[in-house]
Amino acid sequence: MRLIVGISGASGAIMGYEMLKALKEFPEVETHLIITEGAAENFRYETSLTIGEVKALADVVHDNHNLGAVISSGSFVTDGMIVIPCSMKTVAGIASGFATNLLLRAADVCLKENRRVVIVPREMPLSRIHLRNIKEAADYGCTVIPPMLTFYNNADTVEKQIQHIIGKILRQFGLEYKAFVPWQPETER
Ligand SMILES: Cc1cc2nc3c(=O)[nH]c(=O)nc-3n(C[C@H](O)[C@H](O)[C@H](O)COP(=O)(O)O)c2cc1C
């Protein structure tokens, strides 16, 4: 299995890092990583991670400016793409097919090849423009998983909240993440 992970410049770069860490638990998954300049900036602002530490988790790392990378072509077969976090600029680019960098081109390719694209849009509050673009992205085939808080499974740390979001995303690709705690009715606890 091959998955493209795009990390863009919305707040929450740590979610992209945690996603790559989670995918390490699936040796059958080859990861292709793209980090935008905005994301690199946010890793600096929001975490103590170096970009080298983030890149080390991926099997293949692509330069966001390299539109000649393999993932720029539909003939390179992948199982889809996760954009986590997904900035409003990147949502707009995906929804409109404005493929000016490799992250946007890779998403564009996945959509034209009918491959799954999961976006994790992060902004607050959302303007009507943001909402329109997110809806358009959904209309054109993206699965939208916003990083929303979860309250039903004792997710009482930021780490557990992120694990829950990651579990939800990976289920879209048929992957069961160990740290994911699904909802369980009282009778089954
Ligand atoms: C500290 C910081 C936090 C940001 N947070 C967000 C955010 O939560 N959502 C968003 O859409 N953009 C956010 N931005 C703005 C994006 O980084 C900016 O629009 C950038 O051009 C996105 O480009 P990219 O999607 O190619 O990474 C943030 C920027 C900085 C510096």
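Proline 125 sits in the loop between β5 (116-121) and α6 (128-139). The peptide bond that leads into proline 125 from methionine 124 is cis. Its omega is near -5°. The model is predicted, and every value here is computed from it.

A cis bond also occurs at another proline. Isoleucine 84 and proline 85 are joined by a cis peptide bond, with omega about -10°. Here the setting is a strand: proline 85 lies in β4, residues 80-86. Proline 125, by contrast, belongs to a loop.

Next, the backbone at two asparagines. Asparagine 114 has phi near 55°, a positive value in a residue that is not glycine. Asparagine 114 is part of the loop between α5 and β5. Is asparagine 114 buried or exposed? The count of other C-beta atoms within 10 Å is 8. A residue counts as exposed at 12 or fewer. Asparagine 114 is therefore exposed.

Asparagine 154 also has a positive phi, near 55°. Its loop runs between β6 (142-144) and α7 (158-171). Around asparagine 154 there are 9 other C-beta atoms within 10 Å, so this residue is exposed.

Now to the helices. Helix α4 covers residues 88-96, and helix α5 covers residues 102-112. How do their axes cross? They come within 9 Å, at an angle of roughly 40°. Because of that angle, α4 is oblique to α5. The crossing of α4 and α5 is right-handed.

Which residues meet there? From α4 come Thr90, Gly93 and Ile94. From α5 come Leu103, Leu104 and Ala107. By class, this contact of α4 with α5 holds 4 nonpolar and 2 polar residues, with no charged ones.

The last stop is the ligand. Its shell has 16 residues. The closest are Gly9, Ala10, Thr36, Gly38 and Met88. Two elements, α2 (37-46) and α4, give two or more residues to this shell. Which element gives the most? That is α2, with 5 residues. So α4 appears in both places: α4 meets α5, and α4 also contributes to the shell around the ligand.

What classes of residue make up the shell? There are 8 polar, 4 nonpolar and 4 charged residues around the ligand. The contact of α4 with α5, in turn, has no charged residues.

Notes
Residues are numbered from 1 along each chain as its sequence is written. This is a predicted model: local features need pLDDT of at least 70, side-chain atom pairs count only at pLDDT 80 or more; totals for chains, interfaces and linings use all residues. Axes are lines fitted to C-alpha atoms, for helices over the stretch in contact, and angles run from 0 to 180 degrees between N-to-C directions. Helices (H or I, at least four residues) and strands (E, at least two) are DSSP runs, numbered from the N terminus. Angles under 35 degrees count as roughly parallel, over 145 as roughly antiparallel, 65 to 115 as roughly perpendicular and the rest as oblique. A crossing is left-handed if the near helix is turned anticlockwise from the far one by less than a right angle, and right-handed if clockwise. Two residues are in contact if their C-beta atoms, placed from the backbone, lie within 7 Å. Ala, Val, Leu, Ile, Met, Phe, Trp, Tyr, Cys and Pro count as nonpolar, Asp, Glu, Lys and Arg as charged, and the others, Gly among them, as polar. A residue is near a molecule or strand if its C-beta atom, placed from the backbone, lies within 6 Å of it. A residue is buried if 20 or more other C-beta atoms lie within 10 Å of its own, exposed if 12 or fewer, and partly exposed in between; C-beta atoms are placed from the backbone.
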